[in-house]
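Open the viewer and keep the selection box ready. The tour starts at one ring and works outward to the whole chain.

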Amino acid sequence: MKNHPYAGTLPENILLEILKQNQRHWISGQAIARRLSLTRCAVWKKMAALKADGYDIESSPRKGYRLMEAPDRMLAGEIRHLLHTTVLGQHEIYCHKVTDSTNIRAKALAAAGAAEGVLVVAEEQAQGRGRLDRPWFSSAGENICASLIIRPPLPPSEASRMSILAAVAAAEAIIEVTGLPAKIKWPNDIIIGSRKIGGILLEMAVEMDAVDYMIIGLGLNVNTPGECFPAEIRDRATSVFRETGRPFPRIKLLRRFLELLESNYDLIRRNGFAPVLARWKDLTEILGRRVSVGTINGNYSGTATDLDADGFLILRNDHGGEIRLFSGDITIL
Ligand code: BTN
């Protein structure tokens with residue numbers, strides 16, 4: 001059993017795997033029952049559950065079952081199917097049709113001891129939040145609202161590294177999977193041109209001067225049409241659909257985000273933070289530009305010269321003095 005390719009995998013996931021490997025081809029109920037060590041009646045029940053989740057599965061008493069179409073739904077089996085990670089997304093995946101906020105759910109799970117890699121996703125959030133406690137708009141069933149638990153061995157002073165890491169993974173996933181020229185706007189907005197397509201909300205709990213857990217909350221606009229954004233953000237927000245004119249499978253983007261997050265996370269553990277920081281700098285357009293930054297302590301303007309290893313933006317003012325800013329709203333002048 002140890003070397004069996006499905007060892008430790010839930011029957012639902014194996015069933016999905018079998019159906020997907022044979023997509024649009026008939027496979028007998030008996031063959032499935034044998035491979036899953038289930039009765040044919042149990043297979044029938046699992047098929048009924050998949051159909052209820054939106055899978056288009058045809059059944060015939062003589063031929064068996066065939067999967068015609070998988071739904072674009074945030075379902076655990078869909079996320080895990082072809083997900084090439086070892087930890088992130090490989091533990092429990094909690095899928096909500098509606099919840100208050102995936103970050104709130106993930107925090108509760110982490111506080112109760114949930115492991116690194118546990119993921120919470122939702123089709124809709126009633127209290128989705130962005131940075132600075134702003135509301136986060138995401139139309140139901142169209143976008144990615146996901147929160148991941150990580151437990152990095154870091155002091156709290158280095159926590160912002162994880163938000164830099166997440167922004168790099170989100171921008172790279174968009175570039176690779178959709179071909180859109182995603183960029184990062186400090187601190188961690190993901191933009192296409194001048195419009196925001198996604199953002200990261202990082203929250204953490206600290207114990208005895210070390211990070212206990214962190215929640216990486218990712219909001220990514222995928223299938224919201226331009227005219228469906230609320231009027232107050234319509235000019236500033238975009239989605240993959242708005243940019244390409246075509247609907248896009250959300251799961252592909254989420255999967256690639258998890259894979260890039262994990263590979264860059266491993267890279268940091270092996271080679272330190274410098275390569276990821278360098279990638280962040282490649283992906284931003286603010287360095288070397290004159291900017292104005294609104295912060296809770298007031299407005300600052302000057303030339304954005306660098307991002308340091310703790311995520312601080314270095315701003316040189318017109319008199320040559322330098323300030324380090326941790327967070328704010330930046331505008332290129
Ligand atoms: C920002 O750019 O302000 C960050 C937006 C983060 C939104 C995501 S959606 C999933 C997770 N749950 C939340 O309530 N917020 C984050």
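Select Y265 and R269. R269 lies over the face of Y265, 4.0 Å from the ring centre. A charge counts as over a ring if NZ of Lys or CZ of Arg is within 6 Å of the ring centre and within 35 degrees of the ring normal.

This is a predicted model: local features need pLDDT of at least 70, side-chain atom pairs count only at pLDDT 80 or more, and totals for chains, interfaces and linings use all residues. Residues are numbered from 1 along each chain as its sequence is written, and side-chain values use heavy atoms, without hydrogens and water.

Next, select F312 and R324. The charged end of R324 sits over the ring of F312, 4.0 Å from its centre.

Keep F312 and add F326. The whole structure holds two aromatic pairs (Phe, Tyr or Trp rings, the last by its six-membered ring, with centres within 6.5 Å; planes under 30 degrees apart are stacked, over 60 edge-to-face, the rest tilted). F312 and F326 form a tilted one, 5.1 Å centre to centre with 50° between the planes. F312 is in the loop between β11 (298-307) and β12 (313-316). F326 is in the loop between β13 (322-325) and β14 (329-332), 14 residues apart from F312.

Now zoom out and colour by secondary structure. The protein chain has nine helices and 14 strands (DSSP runs: H or I of at least four residues, E of at least two, numbered from the N terminus). Its C-alpha trace spans about 80 × 45 × 30 Å along the principal axes.

Finally, colour by burial. Buried residues (under 20% relative accessible area, 1.4 Å probe, protein chains only) make up 47% of the 333 residues.

Key:
Buried < 20%, exposed > 50% of the residue type's maximum accessible area, 1.4 Å probe, protein only.
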